[in-house]
Amino acid sequence: MRELLGSLLNGIRLIERVLIISINLIMVGLYTFNVLVREIMPQYASTFAWIDEATRLLMVWAVFLALGLALERGRQVAVTTLFEKMPDLPRKAVSILINLTGTVFSCYLVWLGIALVKFVMRTGQLSPTLGLPMYWLYIAPTVGFGLLALRYLLELLSINDRHTRPI
């Protein structure tokens with residue numbers, strides 16, 4: 001069972017990394033192209049106005065996809081001075097409380113995200129320059145907080161420990 005879970009987690013990590021790297025490379029390519037068009041052929045700049053919107057959408061996806069990986073590696077913003085100086089038993093109790101709170105809160109945000117995606121789907125709203133359904137923007141935080149909830153749950157079940165994992 002543990003091996004199956006490990007394989008599944010490795011697959012999720014690989015997908016996250018590939019998506020985040022791909023998104024960042026696409027954004028760099030689009031912005032580079034956009035700058036070149038504006039500098040070399042400014043008369044065509046308005047034709048590529050969609051690039052700004054596309055890169056904003058991609059940035060949102062990259063940020064939310066990275067939530068789980070950041071927590072798993074202990075790269076999230078945290079004040080750990082007091083936590084690191086605690087004796088083992090209180091540290092374990094605080095860690096359980098943090099991970100339980102993180103799991104519940106992340107699951108709540110997933111629930112809210114699903115409700116928001118459904119609402120935006122019903123409106124039929126489209127993005128101005130891409131013509132993409134706007135609910136794609138709201139799927140990103142829902143997926144991201146789902147991945148974050150998974151990481152908190154793994155910490156809660158002592159399958160992962162971001163405080164002892166090598167960087």
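## Exercises on a predicted helical model

Helix α4 makes the greatest contribution to the lining of the largest pocket, giving six residues. The model is predicted, and the exercises below work through its pocket, its salt bridges, an aromatic pair and its surface.

### Exercise 1. The largest pocket

Task: State how much space lies in the largest pocket, and identify the residues closest to its centre.

Solution.

Step 1. The space in the largest pocket amounts to about 230 Å³.

Step 2. The pocket is lined by 14 residues, of which K92, S95, E155, D161 and H163 are the closest to the centre.

Step 3. Two helices, α4 (88–123) and α5, each provide at least two residues of this lining. The largest share comes from α4, with six residues.

### Exercise 2. A network of salt bridges

Task: Trace the salt bridges made by E72, and decide whether R13, E72 and R151 are buried or exposed.

Solution.

Step 1. A search of the whole structure yields four salt bridges. In one of them, the side chains of R13 and E72 meet at 2.7 Å, N to O. R13 belongs to helix α1 and E72 to helix α2, so this pair links distant parts of the chain, 59 residues apart.

Step 2. E72 also forms a salt bridge with R151, in which the closest N and O atoms are 3.1 Å apart. Because E72 lies in helix α2 and R151 in helix α5, this second pair ties together parts that are 79 residues apart in sequence.

Step 3. The cut-off for a buried residue is a relative accessible area under 20%. E72 has a relative accessible area of 1% and is therefore buried. R151, at 2% relative accessibility, counts as buried. R13 is buried as well.

Step 4. The network of salt bridges links R13, E16, E72 and R151.

### Exercise 3. A salt bridge between partly exposed residues

Task: Describe the salt bridge between R38 and D52, and classify the accessibility of R38 and of D52.

Solution.

Step 1. In the salt bridge of R38 with D52, the closest N and O atoms are 3.2 Å apart. R38 lies in helix α1 and D52 in helix α2, so the pair ties together parts that are 14 residues apart in sequence.

Step 2. A partly exposed residue falls between the limits of under 20% for buried and over 50% for exposed. R38, with a relative accessible area of 42%, is partly exposed. D52, at 22% relative accessibility, also counts as partly exposed.

### Exercise 4. An aromatic pair

Task: Determine which geometry the rings of F64 and F145 adopt.

Solution.

Step 1. Four aromatic pairs are found in a search of the whole structure. For F64 and F145, the ring centres are 5.9 Å apart and the planes stand at 55°, so the pair is tilted. The reasoning needs two limits: planes under 30 degrees apart count as stacked, and planes over 60 count as edge-to-face.

Step 2. F64 is located in helix α2 and F145 in helix α5 (residues 135–156), so the pair ties together parts that are 81 residues apart in sequence.

Step 3. F145 has a relative accessible area of 19% and is therefore buried.

### Exercise 5. Contrasting C-alpha separations

Task: Report the C-alpha separations of I20 from A62 and of A115 from T142, with the setting of I20 and A115.

Solution.

Step 1. I20 is placed in helix α1, and at 15% relative accessibility it counts as buried. Its C-alpha atom and that of A62 are separated by 5.3 Å, although the two residues are 42 residues apart along the chain.

Step 2. A115 is placed in helix α4 and is partly exposed, with a relative accessible area of 41%. The C-alpha atoms of A115 and T142 are separated by 9.7 Å, and these residues are 27 residues apart along the chain.

### Exercise 6. Surface and backbone features

Task: Identify the residues that make the nonpolar surface patch, and locate the residue S158.

Solution.

Step 1. L36, I40, M41 and Y44 make a nonpolar surface patch of about 400 Å². Of these residues, M41 lies in the loop between α1 (2–40) and α2 (50–72). M41 is partly exposed, with a relative accessible area of 36%.

Step 2. S158 is found in the segment after α5. S158 has a positive phi of about 60°, although it is not a glycine. At 45% relative accessibility, S158 counts as partly exposed.

How values were computed
Residues numbered from 1 in each chain as written. Predicted model: local features only at pLDDT ≥ 70, side-chain atom pairs only at ≥ 80, totals over all residues. Heavy atoms only, no water. Patch = residues over 30% accessible without salt bridge, like charges linked within 9 Å, V, L, I, M, F, W, Y side chains within 5 Å. Areas by Shrake-Rupley, 256 points an atom, 1.4 Å probe, with all protein chains shown as cover. Helix = DSSP H or I, 4+ residues; strand = E, 2+ residues; numbered from the N terminus. Buried < 20%, exposed > 50% of the residue type's maximum accessible area, 1.4 Å probe, protein only. Phe/Tyr/Trp six-rings, centres within 6.5 Å; stacked < 30°, edge-to-face > 60°. 1 Å grid on protein atoms, 1.4 Å probe; cavity = no way out; pocket = protein on both sides within 12 Å on 5 of 7 lines; lining within 4 Å. Points joined across faces, edges and corners; volume = space filled by probe spheres on them.
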